[in-house]
Every structure is written in C-alpha cells, then in structure tokens.
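Trainee: I should like a close look at one part of this structure, namely its loops. Please begin there, and then connect them with the rest.

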Amino acid sequence: MKITDACVVPYPAGDSSVRRLALEARSLGFDSIVALAAKAETVCGVEVIPGIYLAGLSAKDVQSRAKKCRGTGTVVSVQAGDNGFIRTVANTRGVHILRGIYAADKHAFDHVTAKIAADNNTAIDIDLAPIIFGRGHQRQKAIHRYLDVMVLERRFEFPLTISSSARSVLGMRAVREMTGLCSLFGMDETGVQAALDGVARVTAPEESAVTVI
Amino acid sequence: MAVRPPTLREKRRYVLARIDPEGVQVDPKDLYYAMYEAVVSLFGDPVTAAMQPSVIGIESGCALFRCRRGTERELMVALSTLGVCREVPVALRILAVSGTAESLRERIAAFQEKATAEQTPPDQSGESVTPAGPEYRFGEAPVEILSRHGHKVDVIEKGFKNTRRLYLTTEDLEILHATTIPDGI
C-alpha cells in the first residue's frame with residue numbers, strides 16, 4: 001500500500017520547492033506525492049509523481065489533453081463542473097481524478113456519475129483544503145458534499161483519493177491529522193488508508209478481463 | 001471554591017505540538033485566540049465548553065495545550081485546522097499527548113536533543129549561514145537564509161517588494177559568485 005497525497009502545488013505557484021514538499025511529506029508519513037507541473041523523481045525515498053490539473057476547459061479539450069498525457073505517467077486531474085460535464089469526463093480514458101467536488105453544483109455528482117466513475121476506475125478527490133482553511137459556510141458545504149460522496153462510495157465503491165492541495169509545506173497535514181479531519185464526514189481509518197492508496201489504484205496499468213494461459 | 005483533593009479533580013490531557021515554520025515567534029495569547037477560534041468554528045460552543053481548551057505555554061518552539069480527558073481527539077482535529085496565528089502562517093505538528101505536562105516537558109527536551117543531533121554540522125571553513133556568509137540564489141532571485149534544519153532551508157527573497165518566505169532544501173540553492181570565493185568550488 002502506498003500512502004499518497006493526491007495534490008500538492010510546488011513553486012512557483014506555491015512557496016515551497018518540490019524537494020522540500022517531498023521531505024516534509026516523508027516526515028508526515030507519506031510515501032509519495034502528486035506534484036503539479038513537476039518532474040518524476042524520488043527524493044529521500046518519497047516518490048514525486050507529476051500531475052496535471054485541468055480546470056475551466058470544455059469536455060472536448062479535456063479529452064484531447066488526457067490523450068496527450070496517456071502513457072507519460074502523469075496523473076490527470078480534472079475540475080468538476082456540472083452533471084453532464086462530470087459524466088463525460090468520468091467516462092474519458094486517461095482521466096484519473098475528479099477534483100473540486102466540494103465546489104460543484106449540489107446535483108453534479110449523483111448515482112449515475114458514481115456508477116460511471118466506478119466502472120471507469122476514476123477517483124473522486126477529497127480535498128481537505130476547504131476543511132482546513134475554510135470557515136463557516138464554505139466548510140459546512142464541503143463537509144456536506146463529502147458526506148454525499150461517502151454515501152455513494154459505500155454503494156458503488158469508486159476509488160477515492162485524499163489531497164491537501166498544499167501550496168506550502170505549512171498546508172500539508174500528517175496522515176493521522178488527515179484521518180482526524182476525514183472523521184468529520186464519517187470516513188473511518190480503513191477508508192482513509194484505502195483513499196490514500198487511491199492514486200496507486202487509479203494509475204495501475206489496466207488488467208485484461210481475460211487472461212491467456 | 002476550595003481546591004478539590006486530587007482524586008476529585010477533573011482529569012486532563014496535555015497535547016504537545018511543534019510550531020512550524022521554525023523560528024517564528026508566536027505569542028501564547030495569540031495562539032490561544034487562534035486555537036479557540038479553530039475549536040469554536042469546527043465544533044461549536046457546547047463542545048468547546050466541554051473541552052475547556054487552553055494553552056499552557058510555548059517552550060523551545062513547541063506549544064503545550066490542555067483539554068479535558070476524552071476530548072483530546074477533537075482538540076487535535078481542531079488544531080490541524082489552524083493555519084494562521086495573528087496573520088502569520090503557521091502549522092502545528094502534533095508530537096505527543098500525555099496525562100501530565102511534566103512528561104511532555106521531558107519530551108520537549110528529548111525532541112530538542114534529537115533536533116540538535118540532526119542539525120548539519122558547520123562547515124570546516126568556518127562559513128556560517130548568517131548574512132555574512134555566501135550569497136545564495138534560488139532560480140533567478142537572490143535569497144537570504146532565515147533558518148536551516150538538516151536539508152531544510154527557509155529563505156526570504158531579497159528586494160524591496162514581493163518578498164516572501166520560501167521553503168527549500170539545500171539542493172535547491174545555488175551559491176552566487178561561487179567561483180570568486182577563494183575556498184569555493
């Protein structure tokens with residue numbers, strides 16, 4: 001099992017270098033991190049997985065960008081939009097993670113989308129940044145969305161990932177702290193462990209349904 | 001009210017947390033207000049009243065918190081949502097929970113010893129990391145080292161505006177004018 005923070009944002013968008021984020025991740029109990037616009041490398045035993053975040057694009061653009069990234073080892077994350085967009089993107093081969101569910105429309109992620117995500121092995125990201133740094137309505141909305149996601153996850157068993165979306169080492173949280181934060185919306189320790197392994201699950205090479213012996 | 005005998009007193013739990021970034025000065029009173037705001041905004045007044053959170057003190061870059069026994073988990077969750085203390089970005093890394101403050105003070109001493117052992121030994125040439133030492137650069141911008149712990153280096157961009165604290169490693173930095181330093185490369 002690989003413990004992965006599904007999204008960190010290094011310098012220049014953030015204020016910490018990739019190496020520093022990796023060092024901090026090691027001290028916080030992670031095996032790997034997905035760093036946006038970074039190169040694949042291993043720093044002090046922590047694997048840095050390059051990631052790309054597609055936001056504000058049409059479904060067609062997302063499909064073409066995902067196609068370009070196929071086979072490069074890059075984790076492709078897409079910002080969630082309305083219901084139709086999510087259904088299309090979750091069906092797109094090469095898209096690994098759907099992010100920003102907390103900010104999407106209330107009915108954007110429903111049982112149909114959950115089924116599509118489960119069938120296509122597309123993960124839904126639990127972004128902890130609105131819970132850590134949000135206050136009041138923003139945090140309440142995020143917890144409510146994640147409660148909905150948890151209900152659908154128990155039914156359809158689509159992959160989950162957990163990310164801190166940290167732009168600084170100060171925004172990163174330890175595995176134990178993430179477990180505590182996830183307990184706010186009913187995710188138990190086993191669920192957190194599975195979700196932290198979610199990136200490895202969605203990026204694993206597809207196995208053929210039929211094995212030739 | 002008279003002081004109760006020890007067996008009738010409420011049981012407490014003490015939480016030890018390291019304050020990141022290293023070297024940042026935090027006033028215990030400001031930390032108390034930040035912690036209190038974090039607990040109240042996450043769990044509301046009834047839980048906060050039951051928890052009775054407080055800041056015992058700040059010693060050697062570590063903060064000591066106190067709460068009622070059974071509520072330490074909630075306190076730790078609330079502390080992980082604390083990101084700013086009087087407009088200074090900070091992060092609290094929970095190190096230990098104990099039934100006595102004294103044992104946590106022993107932990108602080110052990111933590112300090114470990115941190116000292118992990119520190120990079122000073123260069124043989126006697127160069128220090130103070131501004132009098134070599135000038136460093138990260139990318140295109142010259143930077144000044146604020147603190148250094150092992151491979152971790154906190155720097156601040158030099159300049160009159162848009163200066164911010166950056167969190168780097170020793171491998172990220174380049175020495176400016178390295179070829180002109182007599183004992184340099």
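Mentor: Loops are located by the elements on either side of them, so those must be defined: helices (H or I, at least four residues) and strands (E, at least two) are DSSP runs, numbered from the N terminus. The model is predicted, and local features therefore need pLDDT of at least 70, side-chain atom pairs count only at pLDDT 80 or more, and totals for chains, interfaces and linings use all residues. Residues are numbered from 1 along each chain as its sequence is written, while chains are lettered from A and ligands numbered from 1 in the order in which they are written.

Let us start with the loop that joins β1 (12–20) to α1 (28–51) in chain B, since B:P21 lies there. What is the form of the peptide bond from B:D20 to B:P21? That bond is cis, and its omega is near 0°. Chain A has a cis bond as well: the one from A:Y11 to A:P12, with omega near 10°. A:P12 is found in the loop that runs between β1 (4–8) and α1 of chain A.

The helix that follows this loop in chain A deserves attention. Nine of the 11 residues of α1(A) are buried, so that the helix is mostly covered. (A residue is buried if 20 or more other C-beta atoms lie within 10 Å of its own, exposed if 12 or fewer, and partly exposed in between; C-beta atoms are placed from the backbone.) The buried residues of α1(A) include A:V18, A:L21, A:A22, A:L23, A:A25 and A:L28. A:R19, A:R20 and A:E24 are also buried in α1(A). Just past the end of α1(A) comes A:G29, which takes a positive phi of about 100°.

A positive phi also occurs at residues that are not glycine. One of them is A:A37, where phi is about 55°. A:A37 belongs to the loop between β2 (32–36) and β3 (41–43) of chain A. Because 15 other C-beta atoms lie within 10 Å, A:A37 is partly exposed. In chain B, B:R86 is not a glycine and yet has a positive phi of about 50°. The loop in which B:R86 lies runs between β4 (84–85) and β5 (88–89) of chain B. B:R86 has 12 C-beta neighbours inside 10 Å, and therefore counts as exposed.

Is A:F109 buried or exposed? A:F109 lies in a loop of chain A, between β6 (97–99) and α4 (111–119). It is nevertheless buried, because 23 other C-beta atoms lie within 10 Å. Setting aside neighbours within four places in sequence, A:F109 is in contact with A:A80, A:I86, A:I101, A:A104, A:A114 and A:V149 (two residues are in contact if their C-beta atoms, placed from the backbone, lie within 7 Å). A:D148 is 39 residues from A:F109 along the chain, and the C-alpha atoms of the two are separated by 8.7 Å.

Let us now place these loops in their chains. Chain B has three helices and 11 strands. Along the sequence, its elements follow the pattern β-α-β-β-α-β-β-β-α-β-β-β-β-β. Chain B has 185 residues, of which 26% count as buried. If one takes the contacts in chain B between residues at least 6 apart in sequence, 57% of them join residues at least 24 apart. Chain B is divided into domain 1 (10–118) and domain 2 (120–185), with bounds that come from an automatic or database domain assignment. To the contact between the domains of chain B, domain 1 gives four residues and domain 2 gives five.

Finally, consider where the chains meet. The contact takes 20 residues from chain A and 23 residues from chain B. On the side of chain A, the elements that give two or more residues are α1 (18–28), α5 (129–133) and α7. Thus α1(A), mostly covered as described above, is among the elements of chain A that touch chain B.

The helix α7 (residues 175–182) also meets another helix of chain A, α8 (residues 189–196): their axes come within 10 Å and cross at roughly 120°. (Axes are lines fitted to C-alpha atoms, for helices over the stretch in contact, and angles run from 0 to 180 degrees between N-to-C directions.) From α7(A), the residues that make the contact are A:V175, A:M178, A:T179 and A:C182. From α8(A), they are A:E189, A:V192 and A:L196.
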